[in-house]
Amino acid sequence: MSNRIAIVGAKGGVGKTTVALNISCLLAQAGRQVTLVDGDLHTPHVAINLGYMHPPVSLHDVLASKASLKQSLYVHGSGLRILPGSMAYDAISSVSYAQFTHLCDELKDLGELVIIDAPSGFGHQLDAILKGVDGVIIVTAPDLASQ
């Protein structure tokens, strides 16, 4: 059973994805079984930062019931497993965060630790993710808009 941790923040650009990637890669290189999930369904950037521009199967396919969770997992050269999102408009427009809440139960079986790179803000998108995680890391920047 995995511990699921969400990386969250009030606004974009504060470094949520960078923190999620760095923590995940460091733990994977230390021998931990880590899966990084791109939980930002509208602007996913995890895959792009790791060199997967257009993954053939993505989290969006899982949420749309077009693929299984196992089919959408990729192993990066660092040993980190990722569940990437899709940047394709048709994929983005066909899923919702209500579906993500149900996915969190399946994420429990993905290894020792699951890190979810959450979307910006504190709306219904984040609520759906927070209902399915065991912990949260809040990323902020030292400016008024980020607090």
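Strand β1 (residues 3-8) runs parallel to β6, and 4 bridges hold the pairing together on paper. Helices and strands here are DSSP runs numbered from the N terminus, with at least four residues for a helix (H or I) and at least two for a strand (E). Two strands count as paired if DSSP finds at least two bridges between them. The structure is a predicted model, so local features need pLDDT of at least 70 and side-chain atom pairs count only at pLDDT 80 or more, while totals for chains, interfaces and linings use all residues. Residues are numbered from 1 along each chain as its sequence is written, and side-chain values use heavy atoms, with hydrogens and water left out.

Within the β1-β6 pairing, A6 sits opposite V136 of β6. Zooming out, the sheet is open and has 6 strands, in the order β3-β4-β2-β5-β1-β6, with mixed pairing. Its edges are β3 (74-75) and β6 (135-138), each of which pairs on one side only. As background, strands of a sheet pair through backbone hydrogen bonds, either parallel or antiparallel. Helix α1 (residues 16-29) packs on this sheet and touches β1, β2 (34-38), β5 (113-117) and β6, where contact means heavy atoms within 4.5 Å. The direction of α1 makes about 165° with that of β5; axes are lines fitted to C-alpha atoms, for helices over the stretch in contact, and angles run from 0 to 180 degrees between N-to-C directions.

Now for β5 itself. Strands β1 and β5 run parallel and are joined by 5 bridges, with N3 opposite L113 of β5. Strands β2 and β5 are also parallel, again with 5 bridges, and L36 has I115 in β5 as its bridge partner. Because 5 of the 5 residues of β5 are buried, the strand is largely enclosed by the rest of the structure. Buried means under 20% relative accessible area, exposed means over 50%, and partly exposed is in between (1.4 Å probe, protein chains only). L113, I115 and D117 point one way from β5, while V114 and I116 point the other way. That fits the usual picture, as side chains in a regular strand alternate between the two faces of the sheet.

Next come the charged pairs. A salt bridge is a side-chain nitrogen of Lys or Arg within 4 Å of a carboxyl oxygen of Asp or Glu, and by this rule there are 2. One joins D134 to R4, with the closest N and O atoms 3.3 Å apart. D134 lies in the loop between α6 (124-130) and β6, and R4 in strand β1, so the pair links parts of the chain 130 residues apart. D134 is partly exposed at 48% relative accessibility, whereas R4 is buried at 7%.In the other salt bridge, E112 meets R32 at 2.4 Å, N to O. E112 is in the loop between α5 (97-107) and β5, R32 is in the loop between α1 and β2, and their positions lie 80 residues apart along the chain. Both E112, at 34%, and R32, at 40%, are partly exposed.

Finally, I48, M53 and M87 make a nonpolar surface patch of about 260 Å². Patches are made of residues with over 30% relative accessible area and no salt bridge; like charges are joined within 9 Å, and nonpolar side chains (Val, Leu, Ile, Met, Phe, Trp, Tyr) within 5 Å. The areas come from the Shrake-Rupley method with a 1.4 Å probe, and for residues only the protein chains shown count as cover. M87 is found in the loop between β4 (81-83) and α4 (89-93), and counts as partly exposed because its relative accessible area is 40%. The C-alpha atoms of M87 and P55 are 9.4 Å apart, with the two residues 32 apart along the chain.
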